[in-house]
Structures are given as C-alpha cells and as structure tokens.
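User: Please take a close look at one strand in this model and tell me how it is held in place. Then set that part in the context of the rest.

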Amino acid sequence: MKKSLFALSLMMVTLLIGACGGGSGSESGNSGEKSVARQDPSSYDPTRGEGKFDESNITAGPLDKAMAEQGKGISATKCNSCHKMSDERLVGPGWKGVTERRTLHWLMNFITNPDPMIDKDPEVQAQLELCLVRMPNQNMKDDEARSVVEFMRQNDGVQ
Amino acid sequence: MHKNKLVLATLLIAFVSVVSCRPKGSGSVVSGNAASKAYVAPGKYDEFYNFVSGGFSGQLSVYGLPSGRLLRVIPVFSVDPEKGWGYSEETKPMLNTSHGFVPWDDLHHVEMSMTNGVADGKWAFVNGNNTPRLARVDLRTFRTAEILELPNSGGNHSSPFGTENSEYIVAGTRFSVPEDGNSDVPIESYKESFKGHISFVSVDKESGEMNIAFQLKTPGVNFDLARAGKGKSHGWFFFSCYNTELANTLLEVNASKKDKDFIMAVNWKKAEEYVKAGKGKKQTVRYAHNKFDEHTHTGTSEIKKEVTVLDVSEFPDIVYFIPCPKSPHGCDVDPTGEYIVGSGKLAALLPVFSYDKIQKAIADKSFEEEKYAGIPVIKYEAALYGEVEKPGLGPLHTEFDANGNAYTSFFVSSEVVKWNIKDLKVLDRQPTYYSVGHLMVPGGNTKNPLGKYLVAYNKITKDRYLPTGPELSQSAQLYDISGDKMELILDFPTIGEPHYAQAVAADLIKDKQLKIFDINDNKHPYKTNGEAEAKVVREGNKVHVYITTIRSHLTPDNIEGVKLGDEVYFHVTNLEQDWDVPHGFAIKGANNGELLIMPGETITLKWVPDRIGIFPFYCTDFCSALHQEMSGYLRVSPAGSNVPLKFWLGEKSAAQ
C-alpha cells in the first residue's frame, strides 16, 4: 500500500513537471458571470476606478449638446434596457444624479472596463448584491462612452 | 508479487518522464508517459485546431490537439436545432438545393484555404457527398458562410481538394450519372450514357465566394479522391478512379475485376486556357448557390441555371490516365510535388509515381496502344518512381512529414505505416484500434508539413470505450510522430463518422476570432435598435414581434392580440455587446428549434400557434443570476376575436 501511494505521488509530481513544457500561452477570460477570479483590491483607487481615464484626459465644461444627443442614441441601443433616466432601479440603478455621485473619469472607466471594477470596487460590489447582474461590457469606443457620459450630464441638468 | 511489479513499472514510468522534462527540442522523444504528452492543463490551450469531418452527421467538428477535447461542432449540411441552424428563417435558405430544402448530408473531407501551398487560416472547405454540395466555413466565426450545389453530379466524394493558392477547389462525382436534363435512360445503358463530371470551383481571394468556373466531362468512372500538384507540379491535379470496368450492378465484384484502374492526371492550367478561349459548352442546369451575409445576419439562396463544360475527349492535352493497381482510393502528393502515391485499396503494394517521369512520358508519348474512352493511357512503368513492397493490406491514404517520410493508413491490416519516400523502405508500423480510414498529420498535405502528431480516424471502435449498446461513437487515435517510432498517446471519441481532417497551429486562427457582432453594423431588416423600438406589428395574418434580449429580460415580455390562424415571427435582437453572452429563445409548442442569438445579432423564429391559450416563452441559455426570470407570456385568442394587439414590459405599457 505504502509503495503504491509513493508511486502515485511520484506520478503526480511527473504530471506537474510534465506540464512545464506543454503550455502554450493562455489568457484566461474574465468577463461575465462565469468568472470566479477575484483580484487583490489593495491597489484599487475607488474615486478613479480602473482604466485609462483620469482628471487629465476627462474634463468637463459647458454641456456639448450635439455630443449628448449622440449619447442618447447610443444609450437607447446599449444602456437603457437596464438603466432608467430617473432614480428608479430597473436591472441596474437609475441614472438620475449619477454624474454628481461619481467623477466623470470614474464613469468612463466603468463603462469601458467594467469587469475588473466589478471585482474590486467596494460600492460596485455592494450594488451587485442588490442587482445580481454584472454590468456587461458593451464594447463601446472611447468617444461613444464619452457621449453617453455627456448625455448623463444633460440628464442631471448640466447646461 | 503482482502488486510489486506494478508499483515498479509505475515508478519506472515516473522516472522516465521526469527525465523527459527538458527544454523544448532537446528532449528524448521516446517516453513511456503518453498521458503527459496528450495532457493540456485546465485553462491552457491546445497547440492545434483539428477540423474533423463529422461524416454522416453532416457537420464539421473541431477538436484540440493534443488533448482531443471537443471544442465545437459547426453545423454545415445538417440541421442543428441546438443552434437553430436550418430552423431560423435566416438559415433555412442555406440548406436549399435544386431539390428544395435538404436537412441532412454526409460530410466527408476537409480542406483549408491555402496561400503558397500552406494553410492560411481563412476558410475550411468541406464536401457533402449525398446531395452533391461544397461548403465554405469562415474561420473567424466558425460558421458556414456558403454552400454551393454541384450539377451533373451523383455524389460529391472527390472533393474539396484545392490548389496551392486555393485558385480552385475541385468536386468530382463518385457516382457517374447521365448529364442533368437528359437522364431518363435505362440503367443498362451505363457505358454509353453515364458520365463523370469534375467541377473546378473558383474561390475569390478576398471574399472567399465560390463559383463553378468550369466542369470537365469525363468517361463514366467513379472518382474517389484527389490532390492538386504543388511546387513544380502546380498546374496539375491528380484524381483516383475506380470502376474503370463501368459496372452498374454488384460493384463489389464487377468494379474489382481489372488488375489496374487509373490515376487521372489533369492539366488544369490547359483546361483554364481552353475555357478562357471560349471552347467550353454552355449547358443548362439547375443548382443552388447559398450565401450568408454577416451584416444582415441572413442567408440567401439563388438558383443558377448554366455551367460551362469541357468534354475532355475533345481536347488531347488536358487529361491522361495512369494505370494504378486495384481500385485506388487515396492519391496523395508529397510536399515537393514530385511524388504521387496511389493507394490501391485492394493491392498488396503501394506505387509511387514521379511527376517528372509523367511529364517525360507525355513528351515521349509513352502511351499504351489502346486509349481508354479516347483518353491516352501512360505506360505504368513510364510514370512509376517505384513501389513500396509489402507495406500492409488495404492501403487508403497517405500524409507526409517534413523529413521525407510518408505515413499510410491500412484498413484491412489495421495499422499506420511510416516509410521513406526516397528509398521506399518501411520504417515503422503501429496498430490502430480498429481499421483506420483517413489519417492526418498537421500540414501533412501541404508544402510545409508541421509533423509532430498523426491522428488515425478509425472505422471500427468495438471495445475501446465503455460499451453503449449496439451503437458506439467512432474513434480517433493520436500518435506522437516526433521520433523514429510512432507512439500511441491518446484515444478520443468523435461525432458521426470521421473521414478526413485537417489541423492548423492554434496561433494561425485563435487571435482572429470574432467575439461579438457589432450592433451598429447590424443591417438586419427586422433589427430592434434598443428597447424603445421593441414592438409588435400586424400585417394581415402575419405578426412581427421586434423583441430584444439583455440580461435578464425580454422586451416586450407580455403580448396579447395574437389570433389563431396567425403566423408569428419573433425577430430577436440580442443587445449584449460582450463576448460569450448569447441569449436563447423558445416558445411552447413551436414546431421548430430554438434560437441562440449571439451579441449584436438578430435572428427570427417562425411560430404558428395551434390552439388558443397562454404560451410562455423564455431564454434558453443560462445568462445571469436572474436567468430564470428571463421569460414572458403570449396570449392567443380565437380567430376573429377583438382582443387588441398589445405588448409591454413592466409598467411601460404600449398599445399599438
């Protein structure tokens, strides 16, 4: 018995070692519900979020009406299935007041890079416990996301 | 005692494999640890995509190598209710033929699109044997993009082999038949009225679109398999022919009488010249050409009515026959393009022909005295490079490695045999379990074989797996061929009956995969561009439901005002734009499959209610924590009822 156990463990060692040569590169997908990996939240900045946007590249002046109009159309296709314009929750929270609760660059990061933020942001995690649906990555281009944020500002009464 | 021996053996195996774990390239190739060679750890990727014919399932399966994991089944010639293929309104036209809607076929062979004699990873071509067709699968989407029916054909078996830049994919008829439109003849008139036809199908370099450039009309032999020349023999095509006896009954005996049948050598560049010079005859035929548009998400079927035919007996320099022993099956060209291996499936030797000698024989007119149906027959010895003596019984197919070796499958003696092309000596033989048909080496039909593995696709399974009643899965076996001796490292079951297959390095296609359909590029006429546009529209007795899906609701999810006698079309648009988030759609009582709608796609399910009542519909593909809530109700009222057409979601009720 002991001997076969020993042999078994040797075999397992072999398997482990064997794996060192075999691996072709693998990126593990991490989007959607199927993800179980949670990353270390310690380096996460909840006021900025995670992504390529910060104060330096997202600034806000007076409302760009044309851009907001464009954002309205994109939202109709990609966002309003889950988000109402009021403060009422549908699948996700209503948009009323969102540009006051969040910085614009946080919103930009969340729209374009939701999965890591859902895994790390304490407030988003709390939101997930309420909504139970992870906000999908709707594959928006940067300028599309910016238009949506402008539409959110318009909805919040920015002139 | 026994136990001790076992432990010892295990220990030995363990030690051998520890030794084998060295940096790539320097390791000893022979190792007792087959399991680790085929092992791909969870979350890791395979090294090769293996596209394997699904045989009588009509589909194309995709396995990873070396793990043998099933990655995907791509519906091609047969309906697939799981994926809605042939059930959705958009995919029904793809299975249209001149015989109408044909829901099944027998898929035999796989050919990758090629550039400069190697796979370029754009498309996979496959053939349907029963109702003769060719299909093109897009390797960005792993979906069937095009299906082309073949006129004047009775079984498209000698197909879909291609030239080194996929200039042409060929389709040769296995069962010779009378020409279309002229076919109510006595079967006994076979020798006079039955003809072979080989279609040369051109492939557009950019779009991949297939068109029948021309057909060669030949004597009524049976065409089995084929390979294009490559390198120096580019411009030629080689077809194996059996039933040169021209028998039409008890072929088992009557088509096996002659000592030699033929390899048919075709100078397709010459044929192309004749066609360009207007020498072809236009023939009126009917065949379907079906294309799927990725932007409208819709297939269309067009019935075409003309084909250009060259009768090879009227042109002296297109076609030559080369005698080949005993009903040749495989007809395989080595990486240099010089050697052509004919596998007489009833022969006890393996002839290897030389391209240079064939050219010289043609120049010297080294022909048999008697032509065959008006076609010159090259003398066997004048074309022969040499014979592999006693290679095994029942040779079928040959593939090649990069080191000048050939690998031939032997059905009757149930083995794969490695031999050297230059000296024709047998180097190794390994048993298969059981009765191997096709075999495949990655890139083994190309100018640059990748080698490393060989897969045997077996015809008989018997006792290899846990028994499952009278019907068993068929079986493939993976051999490591990196060393001098082939080593069996894995068995894996397959779908349908696997005939030929191809494998390409994962890197060639894995990064080109389309992950979503951009909803802004969706040009479907019934697309719903966001929930605000969701609606139900009545046009006479047709009711069009513009419905959307997103985690986790359908819009609208309550519908009233449908009446008995209506035809309901659910045009489902998936608003998701994230990879791997399809939604499904099904409604109670539908005489139909489900829909699986990929992100950004619109697909239509036709449903004809058969009774009054409330019909639940729901998302069939688990999509989120609230997937069970993703459902709705449709009310069907009697014909003539005055229930108004209404639809809503939540409180935002909207009347028509």
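Analyst: What follows starts with one strand of chain B, then moves outward to the rest of the model.

This is a predicted model. The part chosen is strand β1 of chain B, residues 48-53.

Start with burial. β1(B) is mostly covered, with six of its six residues buried. A residue is called buried here if 20 or more other C-beta atoms lie within 10 Å of its own. In a regular strand, side chains alternate between the two faces of the sheet. In β1(B), Phe48(B), Asn50(B) and Val52(B) point one way. Tyr49(B), Phe51(B) and Ser53(B) point the other way. Residues on both sides are buried.

Next, the pairing. Which strands does β1(B) pair with? One is β32(B), residues 501-505, joined in the antiparallel sense over five bridges. Within that pair, Tyr49(B) stands opposite Val504(B). Another partner is β2(B), residues 60-65. β1(B) and β2(B) also run antiparallel, and six bridges join them. Here Ser53(B) has Leu60(B) as its bridge partner.

β1(B) and β2(B) form a hairpin. Six residues lie between the two strands. In the turn, Gly55(B) has a positive phi of about 55°.

A second strand of chain B gives a useful parallel. Strand β11(B) covers residues 168-173. Six of its six residues are buried, so the rest of the structure largely encloses β11(B). Both of its faces are covered. Tyr168(B), Val170(B) and Gly172(B) lie on one side. Ile169(B), Ala171(B) and Thr173(B) lie on the other.

The pairing of β11(B) is antiparallel with β10(B), residues 156-158, over two bridges. Ser158(B) stands opposite Gly172(B) there. β11(B) also pairs in the antiparallel sense with β12(B), residues 196-203, over five bridges. In that pair, Ile169(B) stands opposite Val201(B).

Now a single residue from another strand. Ile587(B) sits in strand β38(B), residues 583-587. Is Ile587(B) buried or exposed? Ile587(B) has 19 other C-beta atoms within 10 Å, and is therefore partly exposed. The cut-off for buried is 20 or more. Neighbours within four places in sequence aside, Ile587(B) is in contact with Trp607(B), Phe615(B), Phe617(B) and Leu634(B). Leu634(B) is 47 residues away from Ile587(B) along the chain, yet their C-alpha atoms are separated by 9.0 Å.

Step back to the whole of chain B. Chain B has eight helices and 44 strands. The radius of gyration of chain B is 28 Å, close to the 26 Å from the globule rule for 656 residues, so chain B is as compact as a globular protein of that length. Its C-alpha trace spans about 85 × 75 × 45 Å along the principal axes. Of the 656 residues in chain B, 53% count as buried. Among contacts in chain B with a separation of 6 or more, 61% are between residues 24 or more positions apart.

The domain assignment splits chain B into domain 1 (48-512) and domain 2 (521-655). Their C-alpha centres lie 44 Å apart. Eleven residues of domain 1 and 16 residues of domain 2 take part in the contact. The domain 1 side of that contact divides into two nonpolar, six polar and three charged residues.

Chain A gives the contrast in secondary structure. Chain A has seven helices and zero strands. Of its 159 residues, 30% are buried. Among contacts in chain A between residues at least 6 apart in sequence, 74% join residues at least 24 apart.

One helix of chain A deserves a check. Helix α7(A) covers residues 142-155. At 1.5 Å a residue, its 14 residues should span 20 Å, and its end C-alpha atoms are 20 Å apart, which agrees. Twelve of the 14 residues are buried, so α7(A) is largely enclosed by the rest of the structure. Among the buried residues are Val148(A), Val149(A), Phe151(A) and Met152(A). Charged examples include Glu144(A) and Arg146(A), which are buried too. What covers the buried residues of α7(A) includes α2(A), α3(A) and α4(A). After α7(A) comes Gly157(A), whose phi is positive, near 90°.

Terms used:
Residues are numbered from 1 along each chain as its sequence is written. Chains are lettered from A and ligands numbered from 1 in the order in which they are written. This is a predicted model: local features need pLDDT of at least 70, side-chain atom pairs count only at pLDDT 80 or more; totals for chains, interfaces and linings use all residues. Helices (H or I, at least four residues) and strands (E, at least two) are DSSP runs, numbered from the N terminus. Two strands pair if DSSP finds at least two bridges between them. The expected span of a helix is 1.5 Å times one less than its number of residues. Two residues are in contact if their C-beta atoms, placed from the backbone, lie within 7 Å. Domain bounds come from an automatic or database domain assignment. The radius of gyration is taken over C-alpha atoms; the globule rule is 2.2 Å times the number of residues to the power 0.38.
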